[in-house]
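Reader: Could you take me on a close look at a single part of this model? I would love a connected account of one spot and the side chains around that spot.

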Amino acid sequence: MRRLLPFLLPLLALAQAPYGITGEVRYRGYYPLGSWEGRNPTAKGEVLWDGAQAKGQVCLEQRAWDSGNGERDKKAREILKAEAFPLACLYPKRAGYQGARFVVEGELEMAGRRLPVRLEGVLEGSPERGRFQGTFRTRFSDWGLERPRFLFLEVRDEVDVLVEATVRR
């Protein structure tokens with residue numbers, strides 16, 4: 001057994017090594033005459049994943065949202081309370097394949113609240129060197145946030161969120 005230990009230790013360390021996550025989050029909001037989009041390229045974090053259970057965190061800087069319109073972005077930072085809550089963080093609890101889909105379930109903490117979230121998408125490549133692309137839908141009202149206005153029109157409560165992340169071990 002002692003002779004096997006030096007060979008097993010690297011495997012044990014690899015099994016416990018975290019996955020480094022970097023990526024971009026995009027959103028699409030809707031109003032009666034159309035939609036608008038924004039992006040945030042600051043997503044980063046580490047996740048431990050054993051094939052079913054997951055833990056860790058992936059955060060992004062709330063001040064980095066960019067819709068291409070400075071006034072809209074300034075209002076978005078106010079609505080998201082970015083000064084008081086500079087980070088939005090995903091805390092994964094479970095991750096794995098459900099058929100052809102890769103699903104991440106956990107909690108999202110944003111603007112002083114922490115709510116369950118479920119991302120469904122695709123993991124291309126191996127988990128050690130892959131690319132995840134997944135989506136979820138949320139609502140301003142779930143977070144207790146004021147809905148923005150576009151001209152005189154209040155935007156819809158729903159917002160679609162797309163997460164694109166590179167996974168490296």
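Author: Happy to; here is a walk around one strand residue and its surroundings. This is a predicted model, in which local features need pLDDT of at least 70 and side-chain atom pairs count only at pLDDT 80 or more, while totals for chains, interfaces and linings use all residues. Residues are numbered from 1 along each chain as its sequence is written, and side-chain values use heavy atoms, with hydrogens and water left out.

Let us start with Val159, which sits in strand 10 (residues 158-168); strands are DSSP runs of E with at least two residues, numbered from the N terminus. Val159 has 10% relative accessibility and so counts as buried (buried is under 20% relative accessible area, exposed over 50%, partly exposed in between, with a 1.4 Å probe and protein chains only). Leaving aside residues up to four places away in sequence, Val159 touches Tyr27, Arg28, Phe136, Arg137, Thr138 and Phe140, where contact means heavy atoms within 4.5 Å. Tyr27 is 132 residues from Val159 in sequence, yet their C-alpha atoms are 6.7 Å apart.

Another of those contacts, Arg137, forms a salt bridge with Asp160, with the closest N and O atoms 2.7 Å apart. Arg137 lies in strand 7 (residues 129-139) and Asp160 in strand 10, so this pair ties together parts 23 residues apart in sequence. Here a salt bridge is a side-chain nitrogen of Lys or Arg within 4 Å of a carboxyl oxygen of Asp or Glu. Arg137 is exposed at 52% relative accessibility, whereas Asp160 is partly exposed at 22%. By this rule, the count comes to 17 salt bridges.

Definitions and conventions: Helix = DSSP H or I, 4+ residues; strand = E, 2+ residues; numbered from the N terminus.
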